[in-house]
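Take a moment to turn the model around and find the two chains before reading on. The report below goes through each chain and then looks at how they meet.

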Amino acid sequence: MNFIKYLLVGMFFGIVLVKSEAVSWYRIFEMFKFQSFHMYGIIGSAVLLGILAVAFIKRTGLKSFTGQTINIAPKERGFTRYLLGGSIFGLGWALAGACPGPMYILVGTGVFSMLIVIAAAILGTFVYGVIKDKLPH
Amino acid sequence: MEYILQPWPWYVSGPLITSIMLLLFYFGKSFGMSSNLRTLCSMGGAGKYSDFFRYDWKSQRWNLVVVIGAITGGFIAVYLLSDGSAIALSPNTIDDLNALGFNGAGETLLPPEIFSWDSVLTFKGLAILIIAGFLVGFGTRYAGGCTSGHAISGLSNLQKPSLVAVIGFFIGGLIMTHFILPLIFSA
């Protein structure tokens with residue numbers, strides 16, 4: 001079954017984010033207070049290794065398992081949407097202590113009140129989709 | 001086994017997160033968790049209200065499977081792969097949280113002061129979760145990605161827009177943590 005590999009990657013993701021404590025509201029609070037290196041170490045080492053790996057993929061033209069060259073889509077150009085949208089996201093991230101990945105993972109850890117946060121996040125996405133043409137991008 | 005049951009250090013966790021992104025690249029996909037929120041909107045018929053939700057959401061089903069896996073992974077990590085050790089927060093963080101009325105910081109993954117049903121089932125508690133979720137959902141789509149799409153994948157691919165988005169994440173996060181949380185919570 002084609003989907004099993006995605007299920008396994010998701011499981012691995014969930015386990016890593018719980019075991020690293022990156023899903024913890026407390027760790028996010030601590031990060032924004034600059035009181036521990038923990039979260040910076042996680043994100044920093046992930047990005048550093050990611051930069052090397054992506055450069056390697058581009059240089060060697062590595063193929064995906066279907067035989068196509070791996071192509072990592074560049075982000076659309078822009079400034080306002082990234083700064084404004086990012087700041088709005090940051091406000092929510094620090095309040096909920098969870099970004100979209102951890103939100104789902106935390107439901108699995110037994111925090112069912114997170115379902116309210118997820119429902120509100122779906123609503124937020126919906127409202128963005130409805131009013132997006134009126135926003136500066 | 002002992003090392004697996006204990007919390008994992010950052011230098012193990014960070015590279016493992018990179019490996020998840022690389023696996024998804026190898027499968028010809030991308031690493032982006034917030035896209036699922038848009039997919040769920042489209043599945044629910046949001047295409048009736050905006051073109052933004054009129055796309056082939058079925059092509060995104062693989063990402064929903066990642067979500068189902070992530071939920072399962074969260075369950076496995078907590079119930080099978082944990083020794084119940086507290087989160088080793090900085091003493092300064094624990095002091096600051098005490099001052100805001102949060103007790104027992106780090107004993108659980110999340111503060112019961114926000115996520116226990118006793119807290120959630122009050123007007124203030126419910127408002128906190130709804131506003132937080134709304135800001136995350138709205139902001140992430142406006143910015144075109146979240147921590148996985150911008151901070152991890154975008155920065156790995158040296159994308160300037162992602163750097164701007166991550167700076168935004170921090171502007172919002174610092175304002176919330178330093179100025180707004182003290183207004184919401186005070187002991």
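Among contacts in chain A between residues at least 6 apart in sequence, what percentage join residues at least 24 apart? The figure is 45%. Keep in mind that this is a predicted model, and that the numbers here are computed from it.

**Chain A**

Let us stay with chain A for a moment. Its secondary structure consists of six helices and zero strands, and the elements read α-α-α-α-α-α starting from the N terminus. The C-alpha trace spans about 40 × 40 × 40 Å along its principal axes. Chain A has 137 residues, and 55% of them count as buried.

**Chain B**

Now move over to chain B. Here you can trace ten helices and zero strands, in the pattern α-α-α-α-α-α-α-α-α-α along the sequence. Taken along the principal axes, the C-alpha atoms of chain B fill a box of roughly 50 × 45 × 35 Å. Of its 187 residues, 48% count as buried. For contacts in chain B between residues at least 6 apart in sequence, 50% join residues at least 24 apart.

**Stretches listed as transmembrane**

An unreviewed UniProt entry lists residues 38–57, 78–98 and 104–131 of chain A under "transmembrane region". For chain B, UniProt (again an unreviewed entry) lists residues 12–28, 62–81, 121–143 and 163–185 under that heading. The table shows what the model has in some of these spans.

| Span | Helix | Strand | Distance between end C-alpha atoms |
|---|---|---|---|
| Residues 78–98 of chain A | 81% | 0% | 26 Å |
| Residues 104–131 of chain A | 82% | 0% | 26 Å |
| Residues 62–81 of chain B | 90% | 0% | 26 Å |
| Residues 163–185 of chain B | 96% | 0% | 31 Å |

**Where the chains meet**

How many residues of chain B are in contact with chain A? There are 107 of them, and they touch 102 residues of chain A. On the chain B side, the residues divide into 73 nonpolar, 31 polar and three charged.

One helix of chain A gives us a good place to look in detail. Helix α6 of chain A, residues 114–131, packs against helix α8 of chain B, residues 123–143. Their axes are 6 Å apart and the angle is about 40°. Angles from 35 to 65 degrees count as oblique, so α6(A) is oblique to α8(B). The crossing of these two helices, α6(A) and α8(B), is right-handed.

If you would like to find this contact on screen, look on α6(A) for residues including Ile116(A), Ala120(A), Gly124(A) and Tyr128(A). On α8(B), the partners include Leu129(B), Gly133(B), Phe138(B) and Arg141(B). By class, the contact of α6(A) with α8(B) has 18 nonpolar, four polar and one charged residues.

Helix α6(A) also meets helix α3 of chain B, which covers residues 35–43. The axes of α6(A) and α3(B) come within 9 Å and cross at roughly 75°. An angle of 65 to 115 degrees counts as roughly perpendicular, which means that α6(A) is roughly perpendicular to α3(B). The contact is made by Ala121(A), Ile122(A), Thr125(A), Phe126(A) and Gly129(A) on one side and by Leu37(B), Arg38(B), Leu40(B) and Cys41(B) on the other. These residues divide into six nonpolar, two polar and one charged.

**Two residues with a positive phi**

Most residues other than glycine have a negative phi. With that in mind, have a look at two loop residues.

Phe34(A) has a phi near 55°, a positive value in a residue other than glycine. You will find Phe34(A) in the loop between α2 (25–32) and α3 (38–60) of chain A. Why does Phe34(A) count as partly exposed? It has 13 C-beta neighbours inside 10 Å, and a residue is called buried at 20 or more and exposed at 12 or fewer.

In chain B, Leu158(B) has a positive phi of about 50°, although it is not a glycine. Leu158(B) lies in the loop between α9 (147–156) and α10 (160–184) of chain B. Because 14 other C-beta atoms lie within 10 Å, Leu158(B) is partly exposed.

Conventions
Residues are numbered from 1 along each chain as its sequence is written. Chains are lettered from A and ligands numbered from 1 in the order in which they are written. This is a predicted model: local features need pLDDT of at least 70, side-chain atom pairs count only at pLDDT 80 or more; totals for chains, interfaces and linings use all residues. Two residues are in contact if their C-beta atoms, placed from the backbone, lie within 7 Å. Ala, Val, Leu, Ile, Met, Phe, Trp, Tyr, Cys and Pro count as nonpolar, Asp, Glu, Lys and Arg as charged, and the others, Gly among them, as polar. UniProt positions are given in the numbering used here, feature names are shortened, and annotations may be inferred rather than shown by experiment. Helices (H or I, at least four residues) and strands (E, at least two) are DSSP runs, numbered from the N terminus. Axes are lines fitted to C-alpha atoms, for helices over the stretch in contact, and angles run from 0 to 180 degrees between N-to-C directions. Angles under 35 degrees count as roughly parallel, over 145 as roughly antiparallel, 65 to 115 as roughly perpendicular and the rest as oblique. A crossing is left-handed if the near helix is turned anticlockwise from the far one by less than a right angle, and right-handed if clockwise.
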